[in-house]
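Colleague: I have the file open and would like to go through it with you. Could you put it on the screen so that we can take it piece by piece?

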Amino acid sequence: MTTVKYSLEDFTHDMESLLESQPGNQQIFDKGSAWLERLVSNTDSIPVEFRLPLGTGPRPNHASRLLYQGKSGLQVTAVVWGAGEHLGPHDHRTWGMIGILDNGITETRYSRVDDHDVDGYAKLEKDRAATLKPGEITLLVPIEDEIHQMDNLGDRPAVEIHVYGADLRGLERSSFNLETGKITNFRTTKWDNC
Ligand SMILES: [Fe+2]
């Protein structure tokens with residue numbers, strides 16, 4: 001039998017206590033990423049039913065399930081990426097922390113390098129890419145460093161825990177076409193906070 005030393009409930013309790021003090025992003029990242037690292041260091045901290053692809057629908061190899069939604073805005077989801085899945089560059093419009101729970105996911109970060117003076121257009125440049133392993137954390141810093149692309153280049157589903165400072169349902173966000181520079185604004189009705 002596996003003992004869960006640091007549970008999702010422990011994590012959300014710690015995060016809500018921190019958010020009550022209205023911390024800055026740096027404080028959230030300093031403390032929150034250590035807690036998230038602790039949570040995802042044990043795969044069994046999240047029940048197996050939240051770690052499986054949906055198996056049906058238009059994206060049967062994918063899943064995005066809500067684990068927690070607080071009145072503060074704190075949102076925690078479990079996201080499953082099937083083998084070969086790809087999601088192009090997009091932003092988030094709130095602080096975020098992603099912890100890798102199972103298998104690996106390749107994240108490519110982009111910087112926006114245009115002057116923001118043409119409506120609907122953005123020029124992105126690749127900043128860095130890394131394949132993240134279980135137990136690792138990646139941070140989304142609003143405006144400064146929050147545009148990324150996700151690829152599961154492995155042959156098994158990758159599972160992540162996503163933590164955001166706002167409920168992403170209904171929040172206007174943008175996706176970016178690297179070739180044409182076209183910006184597409186979107187809002188999701190579910191917690192599709194990839
Ligand atoms: Fe994302």
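Colleague: Is arginine 93 buried, exposed or partly exposed?

Modeller: Arginine 93 counts as partly exposed because it has 13 to 19 neighbours by the rule used here, where a residue is buried if 20 or more other C-beta atoms, placed from the backbone, lie within 10 Å of its own, exposed if 12 or fewer, and partly exposed in between; its own count is 17 C-beta neighbours inside 10 Å. Please keep in mind that this is a predicted model, in which local features need pLDDT of at least 70 and side-chain atom pairs count only at pLDDT 80 or more, while totals for chains, interfaces and linings use all residues. Residues are numbered from 1 along each chain as its sequence is written.Colleague: Where does arginine 93 sit, and what is its phi?

Modeller: Arginine 93 lies in the loop between β3 (86–90) and β4, where strands (E, at least two residues) and helices (H or I, at least four) are DSSP runs numbered from the N terminus. Its phi is near 65°, a positive value in a residue other than glycine. Most residues other than glycine have a negative phi.

Colleague: What about asparagine 103, buried or exposed?

Modeller: Asparagine 103 counts as buried, because 20 C-beta neighbours lie inside 10 Å. Asparagine 103 is placed in the loop between β4 and β5 (105–112), and its phi, near 60°, is a positive value in a residue other than glycine.

Colleague: Switching to the sheet, what is the strand order?

Modeller: The open sheet has 5 strands in the order β1-β2-β9-β4-β7, with antiparallel pairing, and two strands are taken to pair if DSSP finds at least two bridges between them. The edge strands are β1 (63–69) and β7 (137–140), each of which pairs on one side only. Neighbouring strands of this sheet are turned by 20° against each other on average, direction ignored, with axes being lines fitted to C-alpha atoms (for helices over the stretch in contact) and angles running from 0 to 180 degrees between N-to-C directions.

Colleague: How many bridges join β4 to β7?

Modeller: Strand β4 (residues 96–102) is joined to β7 by 4 bridges, and the two run antiparallel; within β7, isoleucine 137 is the bridge partner of glycine 99. Helix α2 (residues 25–40) packs on the sheet, touching β4, β7 and β9 (158–164), and its direction makes about 15° with that of β4. Contact here requires that the C-beta atoms of two residues, placed from the backbone, lie within 7 Å.

Colleague: And which residues does leucine 140 touch?

Modeller: Not counting residues up to four places away in sequence, leucine 140 touches His92, Trp95, Gly96 and Glu146. Leucine 140 belongs to strand β7 and counts as buried, with 25 C-beta neighbours inside 10 Å.

Colleague: At the other edge, how many bridges pair β1 with β2?

Modeller: β1 and strand β2 (residues 75–81) pair over 6 bridges in the antiparallel sense, and serine 64 has valine 79 in β2 as its bridge partner. The hairpin of β1 and β2 has 5 residues between the strands, and glycine 73 takes a positive phi near 110° there.

Colleague: What does β5 pair with?

Modeller: β5 pairs with strand β6 (residues 124–132) over 8 bridges in the antiparallel sense, serine 111 standing opposite glutamate 125 in β6. β5 is also joined by 5 bridges to strand β8 (residues 147–151), again running antiparallel, and there threonine 106 stands opposite aspartate 151.

Colleague: Now the helices, please: how do the axes of α1 and α2 cross?

Modeller: The axes of α1 and α2 come within 10 Å and cross at roughly 175°. The two helices are therefore roughly antiparallel to each other, given that angles under 35 degrees count as roughly parallel, over 145 as roughly antiparallel, 65 to 115 as roughly perpendicular and the rest as oblique.

Colleague: Which residues meet there?

Modeller: Leu8, Phe11, Asp14, Met15 and Leu18 in α1 meet Ile28, Lys31, Gly32, Trp35, Leu36 and Leu39 in α2. These residues divide into 8 nonpolar, 1 polar and 2 charged, where Ala, Val, Leu, Ile, Met, Phe, Trp, Tyr, Cys and Pro count as nonpolar, Asp, Glu, Lys and Arg as charged, and the others, Gly among them, as polar.

Colleague: What span should α1 have?

Modeller: The 13 residues of helix α1 (residues 8–20) should span 18 Å at 1.5 Å a residue, and the end C-alpha atoms are 18 Å apart, which agrees; the expected span is 1.5 Å times one less than the number of residues.

Notes. Residues numbered from 1 in each chain as written.
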